[in-house]
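Work through the exercises below with the sequence and the 3D view side by side. Each task is followed by a solution in steps.

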Amino acid sequence: MPRNERSGWAAVTGWCLTTIEALVGRFRSRMRGWEGMPSMSRTTPLTSRQVGALGEKMGTWYLARRGYEILETNWWAPGRRGELDIVAYRNNTLIAVEVRSYLTGQMQPIDVLSSDKKRRLVRLLKQYAKLRRYHHCHLQVDLLAVEWERLGKVTNVRHIEKVATEHDG
């Protein structure tokens, strides 16, 4: 990759991190019991990449608030054979959480995971469990759907548990 492209990506990454940090806090006053939730309200529309990145950040926050131990985010399998958005642990269960972010009205969350995608996620989770030595845990894949308005306001967060388990892979 040419040097100027690398520095361009570094600038984009830096901008995203700065934007996320700058936007945290707005929902704290609006939503009782959601203290600390990242705010994503903006004055300009979000790009699809921003919607995805902010959705994963929201997902991490959401799960941590509900007692999940977040082990890793954006974990790539050796050889870049696949990615797990969030790997969490709770009640002797290792959980791969697939985060789907979309703008209001674009799709239904259950429609976004095909049976092939579920099988791939289970295989990746099995690989993660083997590499990290989680030998005596149950394995499951959850779906976290984050729905946004165009300017970044979260309108809905749905956590669908056990969309797949180790027996489905």
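Buried means under 20% relative accessible area, exposed means over 50%, and partly exposed lies in between (1.4 Å probe, protein chains only). The model is predicted, so local features need pLDDT of at least 70 and side-chain atom pairs count only at pLDDT 80 or more, while totals for chains, interfaces and linings use all residues. Residues are numbered from 1 along each chain as its sequence is written, and side-chain values use heavy atoms, with hydrogens and water left out.

**Exercise 1. Classify glutamate 98 and arginine 100 as buried, partly exposed or exposed, and state how their side chains meet.**

Step 1. Glutamate 98 has a relative accessible area of 6%, so it is buried. Step 2. Arginine 100 has 23% relative accessibility and counts as partly exposed. Step 3. The two side chains meet in a salt bridge, 3.0 Å from N to O. A salt bridge is defined as a side-chain nitrogen of Lys or Arg within 4 Å of a carboxyl oxygen of Asp or Glu.

**Exercise 2. Find how many salt bridges the whole structure has, and describe the one between arginine 132 and glutamate 72.**

Step 1. The search of the whole structure gives four salt bridges. Step 2. In one of them, the side chains of arginine 132 and glutamate 72 come to 2.8 Å, N to O. Step 3. Arginine 132 sits in the loop between helix H3 (115-131) and strand S4 (138-148), and glutamate 72 in strand S1 (residues 69-76), so the pair ties together parts that are 60 residues apart in sequence. Helices (H or I, at least four residues) and strands (E, at least two) are DSSP runs numbered from the N terminus. Step 4. Arginine 132 is partly exposed, at a relative accessible area of 38%.

**Exercise 3. Describe the salt bridge of arginine 119 and aspartate 116, then name the residues that are joined into one network by shared partners.**

Step 1. The closest N and O atoms of arginine 119 and aspartate 116 are 2.3 Å apart. Step 2. These residues are three apart in helix H3, which means that about one helical turn separates them. Step 3. Both are partly exposed: arginine 119 has 32% relative accessibility, and aspartate 116 has a relative accessible area of 41%. Step 4. Glu98, Arg100 and Lys117 form one network through salt bridges that share partners.

**Exercise 4. Give the order of the strands in the sheet and explain why S1 and S5 each have one side without a neighbour.**

Step 1. The open sheet has five strands in the order S1-S2-S3-S4-S5, with mixed pairing. Two strands pair if DSSP finds at least two bridges between them. Step 2. S1 and strand S5 (154-165) are at the edges with a single partner strand each, so one side of each has no neighbour in the sheet. Step 3. From one strand to the next, the twist averages 25°. The angles run from 0 to 180 degrees between N-to-C directions, and axes are lines fitted to C-alpha atoms, for helices over the stretch in contact.

**Exercise 5. State in which sense S4 pairs with S3 and with S5, and how enclosed S4 is.**

Step 1. Strand S3 (residues 93-103) and S4 are parallel, over eleven bridges. Alanine 96 has valine 141 of S4 as its bridge partner. Step 2. S4 and S5 are antiparallel, over eight bridges. In S5, asparagine 156 is the bridge partner of glutamate 147. Step 3. Ten of the eleven residues of S4 are buried, so the strand is largely enclosed by the rest of the structure.

**Exercise 6. Locate valine 87 and list residues in contact with it.**

Step 1. Valine 87 belongs to strand S2. Step 2. Its relative accessible area is 0%, so valine 87 is buried. Step 3. Contact means heavy atoms within 4.5 Å. Leaving aside neighbours within four places in sequence, the contacts of valine 87 include Leu71, Trp75, Ile95 and Tyr128. Step 4. Valine 87 and leucine 71 are 16 residues apart in sequence, yet 5.5 Å apart in space, C-alpha to C-alpha.

**Exercise 7. Find which strands helix H2 lies across, and at what angle H2 runs to S3.**

Step 1. Helix H2 (residues 48-65) lies across S1, strand S2 (83-90), S3, S4 and S5. Step 2. H2 runs at about 140° to S3.
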